[in-house]
Amino acid sequence: MKAMVLNRICSLSEQTEPLKLAEMPVPTPGDKEILVKVSACGVCHTELDEIEGRTPPPKLPVILGHQIVGKVEALGKKTRKFRIGDRIGIAWINSACGKCSFCRESRENLCEDFVATGRDANGGYAEYTTVSEDFAYAIPAVFSDAEAAPLLCAGAVGYRSLRLTGLKNGQNLRLIGFGASAHLVLTVARHKYPESRVFVFSRTEGERKFAMELGACWAGDFGDVPPEKLHCAIDTTPVWRPLVDTLRHLERGGRMVINAIRKEDADKEYLLKLDYSHDLWMEKEIRSVANVTRKDVEEFLRIAAEIPIRPEIQLYGLLDANRAILELKQRKIRGAKVLNMGVTH
Ligand SMILES: [Zn+2]
Ligand SMILES: [Zn+2]
């Protein structure tokens, strides 16, 4: 099979082709696993963090990609859940131990033995992949393969972030950064909390315009002062400045959720501007969101199908993965980038 493989950690400002095309054997599913013929795989900001070593894969080479949609091609001996030909999705959670206190409390995202798809196990930048049947999801019929892909990470983790904010209907929500995840969060927030107003902060004019089209009540640049205090915020950016700016305009008792697997160091000194009395006093909270649980993925797919969400997507061929990654790095974003195995170039 063809796969786009990461052989070594590198900086994307020096290396414009971090992934190399490789011819590999089709993997054989274990007893509880299914073999999946990949049809679409979303491109996530986490891939940049893996390539550049902020969350490095434990073993190289590895196949990246954790927003996978495909068809079941073969079944392990002890599988029961799916049939050959079923359409399924695979998300960032590839497996967890199932025994520890976190797993037993449905907080498997915090399991010490958490295995991430496309980092700790081979992912979907390839023609085939395998996964345990317990970590695969039926995809609602309303979505095309490429539409469903970004729902599996950007959507599911975005949904988890929204849940963690504790937003109540009528309260204001601030979204910082407006990439693949935030545009799905905005759509879900408008559906679940119809009386809440959503304020979007983005560095680019195109993203601000897109946010207004999707129903934000206000859109501004990072440093802009919002017209009202915000009760909750979700930060999806790799930088620090918006964190300080957001805390300053957060309502008393408000909560800011950081949905980023790693922050970059370039503007870290901005944190020194943090003023305890203005920015943290009065029970303001900061919380990160780590990984995702199967329940998040299942619930989000259900809500997304109910609305139904039509994710804005940009398609690339498998061999174009490097271009997709570079464009993501350069923030050429409108909606979500998806590798579609049917696209040739
Ligand atoms: Zn992701
Ligand atoms: Zn566990």
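In this predicted model, the largest pocket has a volume of about 700 Å³. Its lining is made up of 38 residues, and those closest to the centre of the pocket are Cys44, His45, Thr46, Asn259 and Ala260. Four elements each give two or more residues to this lining: helix 1 (45-51), helix 4 (154-165), helix 5 (180-192) and strand 18 (336-340). Sorted by class, the lining of the largest pocket holds 18 nonpolar, 15 polar and 5 charged residues.

It helps to set the pocket against the chain as a whole. The chain contains 10 helices and 18 strands. Its C-alpha trace spans about 60 × 40 × 40 Å along the principal axes. For 345 residues, a compact globule would be expected to have a radius of gyration near 20 Å, and the value for the chain, 20 Å, agrees with this.

Two of the helices that help to line the pocket, helix 4 and helix 5, can be followed further through their packing against helix 9. The axes of helix 4 and helix 9 come within 9 Å and cross at roughly 100 degrees. Helix 4 is therefore roughly perpendicular to helix 9, since angles of 65 to 115 degrees count as such. On the helix 4 side, the contact is made by Gly155, Ala156, Tyr159, Arg160 and Arg163, and helix 9 contributes Asp296, Val297, Glu299, Phe300 and Ile303. The class count for this contact of helix 4 with helix 9 is 5 nonpolar, 1 polar and 4 charged residues.

Helix 5 also meets helix 9 (residues 294-306), with axes that come within 11 Å and cross at roughly 75 degrees. This crossing makes helix 5 roughly perpendicular to helix 9. Here Val188, His191 and Lys192 of helix 5 touch helix 9 through Phe300, Ile303 and Glu306. The residues of this contact divide into 3 nonpolar, 1 polar and 2 charged. Phe300 and Ile303 of helix 9 thus appear in the contact with helix 4 and again in the contact with helix 5.

The backbone has a few features that deserve a closer look. Most residues other than glycine have a negative phi, and most peptide bonds are trans. Against that background, a cis peptide bond joins leucine 60 and proline 61, with omega about 0 degrees. Proline 61 sits in the loop between helix 1 and strand 4 (62-63), and helix 1 is one of the elements that line the largest pocket.

Another cis peptide bond runs from isoleucine 307 to proline 308, where omega is near -25 degrees. Proline 308 is located in the loop between helix 9 and strand 17 (313-316). Finally, glutamate 283 is not a glycine, yet it has a positive phi of about 60 degrees. Glutamate 283 is placed in the loop that runs between helix 8 (276-280) and strand 16 (285-288).

Note on methods
Residues numbered from 1 in each chain as written. Chains lettered and ligands numbered in written order. Predicted model: local features only at pLDDT ≥ 70, side-chain atom pairs only at ≥ 80, totals over all residues. Heavy atoms only, no water. 1 Å grid on protein atoms, 1.4 Å probe; cavity = no way out; pocket = protein on both sides within 12 Å on 5 of 7 lines; lining within 4 Å. Points joined across faces, edges and corners; volume = space filled by probe spheres on them. Nonpolar A, V, L, I, M, F, W, Y, C, P; charged D, E, K, R; others polar. Axes fitted to C-alpha atoms, helices over the stretch in contact; angles between N-to-C directions. Parallel < 35°, antiparallel > 145°, perpendicular 65-115°, else oblique. Contact = heavy atoms within 4.5 Å. Rg over C-alpha atoms; globule rule 2.2 N^0.38 Å.
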